[in-house]
Amino acid sequence: MTLETAERIASEVERVGWHSKFIFAMHGEPTLNKHLFEIINIFHEHRPDALKYVISNGCGIVHSEDILEYVKLLKEVGVNHLLLDNYSDDGDWSKVVKAVGNEFEVLTLQRGIPMFSPKKKFDILVMPSIREVKIGSVRSLKNHCGAAFPPAEGFTEKRCTMPFREMSFRWNGNVAICCDDFRGEYPIGNIFDMGIEELWNHERFQAARVMIYNNERGFHPCNICNNTSMRVGLLPDPMGKETLPGITKEVRRIAESVSEENEPFATIVKRPWENGETE
């Protein structure tokens, strides 16, 4: 992400007065961005009271000049919680934990400890090993709409909270339906082309929400996604008090035509299963 994109997003959130939390992650390792501290600080200046999370595998942190100072700087620019992915017992996450010692509170994600803590105090949260038992849907491996694992079946009648709860910005301001649409095959728009509320209420977003609200995700790429969500009964609003209308022909047309009529945001590198390979 560029500083220009960060400024545009943060200033738009401030303009409309949203009380959002900001998560720095998605489609890349955030600590490899040389402007990460400046980007986080931009959001902190516009929304100092907002919760801010960094999700990292620790790579950029352990390759910095001083691991502890790097983590301290994350705190100084406004980060509340550093979440470390655990891909192996001796991964970079472990080097980060060892380097910080008792300087910061270090927790391990488990039942009773929320992945996105509402606390303001800075801490480090270590994810459970990706190779070990899953904890709810938080650590379930997603197929990223067929980009990471083969297309899924049996999920087209399941609700999903993603388009109702998040807006995922790519490095250049592009927004697709959610972070699991890794290739951006359901594009919504770009923050430089319209206001943030226009993006959020875009007819493509709304059509997808109506479809999913009515237990219908048979449009691409949601039709091959294996994401499942918690508290799906509380849609569309967090308290489950509002309702959405039924699926009309126009809503279905919009939802089904997005991926058919628009190029994906990312260049598609075909996976083995897309090339007809079985192994």
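**Exercise 1. Place Asn190 in the fold and decide whether Asn190 is buried or exposed.**

Step 1. Locate the element. Asn190 sits in strand β7, residues 187–190. Strands are DSSP runs of E with at least two residues, helices are runs of H or I with at least four, and both are numbered from the N terminus.

Step 2. Check the source. This is a predicted model, in which local features need pLDDT of at least 70, side-chain atom pairs count only at pLDDT 80 or more, and totals for chains, interfaces and linings use all residues. Residues are numbered from 1 along each chain as its sequence is written, and side-chain values use heavy atoms, leaving out hydrogens and water.

Step 3. Apply the cut-off. The relative accessible area of Asn190 is 11%, so Asn190 is buried (under 20% is buried, over 50% exposed, in between partly exposed; 1.4 Å probe, protein chains only).

Step 4. List the neighbours. Leaving aside residues up to four places away in sequence, Asn190 touches Asn172, Gly173, Asn174 and Leu199. Contact means heavy atoms within 4.5 Å.

**Exercise 2. Test the protein against the rule for a compact globule.**

Step 1. Count the elements. The protein has nine helices and seven strands.

Step 2. Compare radii. A compact globule of 279 residues would have a radius of gyration near 19 Å; the protein has 19 Å, so the two agree. The radius is taken over C-alpha atoms, and the rule is 2.2 Å times the number of residues to the power 0.38.

Step 3. Add the burial. Of the 279 residues, 47% are buried.

Step 4. Look at sequence range. Among contacts between residues at least 6 apart in sequence, 73% join residues at least 24 apart.
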